[in-house]
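Colleague: I would be grateful for a close look at a single part of this model, namely its salt bridges. Please set them in the context of the rest of the chain, in terms that a first-year student can follow.

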Amino acid sequence: MADVDEPAAGPPAERLRPVFRVSETRRENGTLLYFGEPTAPPEALERHVWPLFRDAGYEVRLATVDDGEDDPITGVAVADHRTALVAEPHSVGIDGVPWFNLLFALLTVCTTLFAGLEWYGYEWGLADPASLFRAWPFAAAVLGVLGVHELGHYAMSRYHRVDASLPYFIPIPTVFGTMGAVIKMDGRIPDRRALFDIGVAGPLAGLVAAVVVTAVGLRLEPVTTGPIFQIASLNYPPLIQLIAAATGQPLRYAGGLRVNPVVVGGWVGMFVTFLNLLPVGQLDGGHLVRAMLGERQETVAALVPAGLFALGAYLLFVRGEAVESILLWFFWGFIAVGLAYAGPARPVHEDPLDRKRVAVGALTFVLGLLCFTPVPFQLV
């Protein structure tokens with residue numbers, strides 16, 4: 001039996017004694033195993049042991065480990081399930097070249113370039129493949145806004161020592177060329193303050209980028225093009241209308257002209273921001289409300305699907321909008337049901353937020369509402 005009081009690495013067994021009675025410690029390929037029995041409820045155990053292991057450079061979880069050995073007579077493995085704290089090395093760095101991130105980013109560049117050709121009214125053919133890059137401003141605008149949003153999350157994850165991946169862009173050959181971007185967080189979130197900072201960094205960073213892209217796009221020359229992927233026109237949220245008023249630039253043109261497609265990049269960023277700020281599940285808005293309200297977030301999350309279904313019904317039965325636009329909100333209503341069922345992220349410690357963060361959170365939701373328009377687009 002290994003030395004219980006002085007394991008090879010990690011916190012001493014005696015420091016776990018208030019919540020976990022250690023009978024044996026072991027190290028296997030860099031993973032620490034503390035065998036024993038819990039003496040406290042799971043949440044209290046985690047709050048006690050998690051910071052001890054994290055300070056030692058490990059991510060810990062309570063698990064049932066198959067620690068069986070071969071029978072000396074039959075040679076058959078005999079199952080021996082034991083309770084253990086399993087601690088694996090914790091790292092927030094990037095191991096090796098992120099090939100999948102690069103591959104998906106490259107594919108998304110291609111799909112946004114092809115989508116940009118449609119927005120500019122350009123044609124492309126194998127006889128002149130380089131003409132694809134004529135749509136680079138649209139691709140740069142869309143990917144820039146989405147990338148800044150996700151890098152905001154990533155930077156705050158690194159700041160709070162939460163393991164997170166680089167952004168994964170989602171390529172899809174449709175009207176905008178992408179379904180957005182995501183990062184994957186593998187580590188536990190230490191407290192509500194960290195959950196708030198990580199959640200709010202993406203929308204605020206992305207909104208700054210969207211405002212800049214929109215302002216630049218409004219000063220660029222309009223383009224001549226017909227319906228885009230059967231979209232007759234985009235409807236602009238209040239924030240874009242405010243930017244247009246502040247810069248003195250029009251959003252509508254006569255004679256078959258449209259705003260420069262770079263503005264569409266800002267529109268995409270704001271639309272994605274509004275959807276991400278829905279206060280449900282592990283969307284950014286869900287993170288913020290969970291950090292601000294604690295367990296009461298579940299009550300708010302339960303209302304989100306109902307609100308989206310009600311919006312779709314209002315547009316259909318009261319305003320008589322086109323069914324295609326209404327389906328968007330019913331679709332997101334069902335997505336919200338799934339997100340609410342999956343639940344929010346749960347930080348280890350539940351200390352309440354300070355007033356400054358609560359104020360920033362409230363302001364972020366106000367900015368999110370400025371990115372909302374009931375009918376985002378109109379079809380032909």
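Modeller: Eleven salt bridges are present in the structure, which is a predicted model. Side chains of opposite charge can pair when their charged atoms come close. One of these pairs is E24 with R82, where the closest N and O atoms are 3.1 Å apart. This pair ties together distant parts of the chain, for E24 belongs to strand 1 (residues 20–28) and R82 to strand 6 (residues 81–89), with their positions 58 residues apart in sequence. E24 has a relative accessible area of 13% and is therefore buried, since the limit for that class is under 20%.

A second pair also involves a residue of strand 1, which covers residues 20–28. E28 forms a salt bridge with R26, and the closest N and O atoms are 3.2 Å apart. Here E28 is partly exposed, with a relative accessible area of 35%. R26 is likewise partly exposed, at 25%.

Just beyond this strand comes N29, in the loop between strand 1 and strand 2 (31–38). Most residues other than glycine have a negative phi. N29 is not a glycine, yet its phi is positive, at about 50°. Its relative accessible area is 85%, so N29 counts as exposed. R161 offers another case, with a positive phi of about 60° although it is not a glycine either. R161 lies in the loop between helix 3 (136–159) and strand 7 (168–171). Its relative accessibility is 36%, so R161 is classed as partly exposed.

To return to the charged pairs, E295 and R290 meet through their side chains in a salt bridge of 3.4 Å, taken from N to O. The two partners differ in their cover: E295 is partly exposed, with a relative accessible area of 45%, whereas R290 is buried, at 1% relative accessibility. Both belong to a network of salt bridges that links R192, R290, E295, E298, R346 and E350.

One member of that network, E298, falls within the residue range of helix 8 (297–317). Helix 8 also takes part in a feature of another kind, a nonpolar surface patch. The patch has an area of about 610 Å² and is made by Y314, L316, F317, V318, V323 and L327. Helix 8 and helix 9 (323–342) each supply at least two of its residues, and helix 8 gives the most, with three. V323 is located in helix 9. With a relative accessible area of 46%, V323 is partly exposed.

A313 is also part of helix 8. Its relative accessible area of 26% makes it partly exposed. Leaving aside residues up to four places away in sequence, A313 touches V318 and F330; of these, V318 is a member of the nonpolar patch. A313 and V268 are 45 residues apart in sequence, and their C-alpha atoms are 24 Å apart in space.

V268 falls within the range of helix 6, residues 261–276. This helix allows a simple check of geometry. At 1.5 Å a residue, its 16 residues should span 22 Å, and the end C-alpha atoms are 23 Å apart, so the two values agree. Of its 16 residues, 15 are buried, so helix 6 is largely enclosed by the rest of the structure.

An annotation record may be set beside this picture. The unreviewed UniProt entry places the feature "transmembrane region" at several spans, including residues 259–278 and 299–320. In the model, residues 259–278 are 80% helix and 0% strand, and their end C-alpha atoms lie 28 Å apart. For residues 299–320 the share of helix is 86% and that of strand 0%, with end C-alpha atoms 31 Å apart.

Finally, the whole chain may be described. Its secondary structure consists of ten helices and twelve strands. Its C-alpha atoms fill a box of roughly 85 × 50 × 40 Å along the principal axes. Of its 380 residues, 47% count as buried. The chain exposes about 19000 Å², and carbon and sulfur atoms supply 62% of that area. Among contacts between residues at least 6 apart in sequence, 70% join residues at least 24 apart. The salt bridge between E24 and R82 also spans such a separation, its partners being 58 residues apart.

Key: Residues are numbered from 1 along each chain as its sequence is written. Side-chain values use heavy atoms; hydrogens and water are left out. Patches are made of residues with over 30% relative accessible area and no salt bridge: like charges are joined within 9 Å, nonpolar side chains (Val, Leu, Ile, Met, Phe, Trp, Tyr) within 5 Å. Accessible areas come from the Shrake-Rupley method with a 1.4 Å probe; for residues, only the protein chains shown count as cover. A salt bridge is a side-chain nitrogen of Lys or Arg within 4 Å of a carboxyl oxygen of Asp or Glu. Helices (H or I, at least four residues) and strands (E, at least two) are DSSP runs, numbered from the N terminus. Buried means under 20% relative accessible area, exposed over 50%, partly exposed in between (1.4 Å probe, protein chains only). The expected span of a helix is 1.5 Å times one less than its number of residues. UniProt positions are given in the numbering used here, feature names are shortened, and annotations may be inferred rather than shown by experiment. Contact means heavy atoms within 4.5 Å.
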